[in-house]
Amino acid sequence: MSIARIIWAVSLLAAIVLAFVNTGYDGTILAILGLLSGWFLDHDHRRGVIIAAIFLMMGGATALNGIVGVGEHLGAILASLGAVFGGASVMAIVRTLFER
């Protein structure tokens, strides 16, 4: 298992846990994990991550809120995942600018 997969797995796990637990530093933790995930992002996957971040931040994370019982929890998880993808997108954009 590569370090990139480990960092993405930790980011996903943190997004799930922090959707239910409030540490006061949730945004900071997710942003740092997103930046780390973006650093190890392959060039082929950068566009997809940027599109996913835009979708989740523009309201896609709330699409499942209507499901009775679990919808709010799924929406919170997707919102946290959107923060990770947002950080990864920023790092992907910065790396692309420096590579050109």
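In this predicted model, R46 sits in helix α3, which covers residues 46-57. Is R46 buried or exposed? With a relative accessibility of just 5%, R46 counts as buried, because the cut-off for that label is under 20%. The side chain of R46 has plenty of polar company. One polar contact, at 3.4 Å, links it to the side chain of H43. Another, at 3.1 Å, ties the side chain of R46 to that of E99. A further polar contact, also listed at 3.1 Å, runs between the side chains of T96 and R46. Setting aside residues up to four places away in sequence, R46 touches L41, A92, R95, T96 and E99.

T96, one of those partners of R46, belongs to helix α4. Its relative accessible area is 19%, so T96 is buried too. The cut-off is under 20%, and that is why a value of 19% still gets T96 the label "buried".

Helix α4 takes in residues 71-99 and also holds G86. G86 counts as buried because its relative accessibility is 14%. Which residues does G86 meet once its neighbours within four places in sequence are left aside? The answer is A53 and M57. Since helix α3 runs over residues 46-57, both of these partners of G86 fall inside that helix. G86 can also be placed relative to A15: the two are 71 residues apart in sequence, while their C-alpha atoms lie 12 Å apart in space.

Now for the other end of the chain. L33 is part of helix α2, the helix that spans residues 26-39. L33 counts as buried, thanks to a relative accessibility of 13%. Leaving out neighbours within four places in sequence, the contacts of L33 are I7, V10, S11 and A14. Helix α1 is made of residues 3-18, so these four partners of L33 are all found in α1. How far is L33 from S11 in sequence and in space? Along the sequence they are 22 residues apart, and from C-alpha to C-alpha the separation is 5.7 Å.

The loops join in as well. F20 is found in the loop that sits between α1 and α2. Not counting residues up to four places away in sequence, F20 touches H73 and I77. For the pair F20 and I77, 57 residues apart along the chain, the C-alpha atoms are separated by 8.3 Å. With helix α4 covering residues 71-99, H73 and I77 place the contacts of F20 in that helix.

A second loop residue is L64, located between α3 and α4. Where R46 counts as buried, L64 counts as partly exposed, because its relative accessibility is 31%. The contacts of L64, leaving aside neighbours within four places in sequence, are G71, L74 and L78. L64 and A76 are 12 residues apart along the chain, and 9.6 Å separates their C-alpha atoms.

How do these pieces fit into the whole protein? There are 4 helices and 0 strands, and from the N terminus on the elements go α-α-α-α. Among contacts between residues at least 6 apart in sequence, 76% join residues at least 24 apart. The contact between F20 and I77 belongs to this group, as the two are 57 residues apart along the chain.

What about overall size? The C-alpha trace spans about 45 × 25 × 25 Å along its principal axes. A compact globule of 100 residues would have a radius of gyration near 13 Å, so the 14 Å of this protein agrees with that picture. Of the 100 residues, 34% count as buried, and G86, R46, T96 and L33 are among them.

Finally, there is the surface. The accessible surface amounts to about 6400 Å², and 71% of it belongs to carbon and sulfur atoms. As for charge, the protein has 5 positive and 5 negative charges, and the mean positions of the two groups are 11 Å apart.

Methods: Residues numbered from 1 in each chain as written. Predicted model: local features only at pLDDT ≥ 70, side-chain atom pairs only at ≥ 80, totals over all residues. Heavy atoms only, no water. Helix = DSSP H or I, 4+ residues; strand = E, 2+ residues; numbered from the N terminus. Rg over C-alpha atoms; globule rule 2.2 N^0.38 Å. Buried < 20%, exposed > 50% of the residue type's maximum accessible area, 1.4 Å probe, protein only. Contact = heavy atoms within 4.5 Å. Areas by Shrake-Rupley, 256 points an atom, 1.4 Å probe, with all protein chains shown as cover. Lys, Arg positive; Asp, Glu negative; His and termini not counted. Charge placed at Lys NZ, Arg CZ, Asp CG, Glu CD. Polar contact = N/O pair within 3.5 Å; in protein donor to acceptor, adjacent residues only side chain to side chain.
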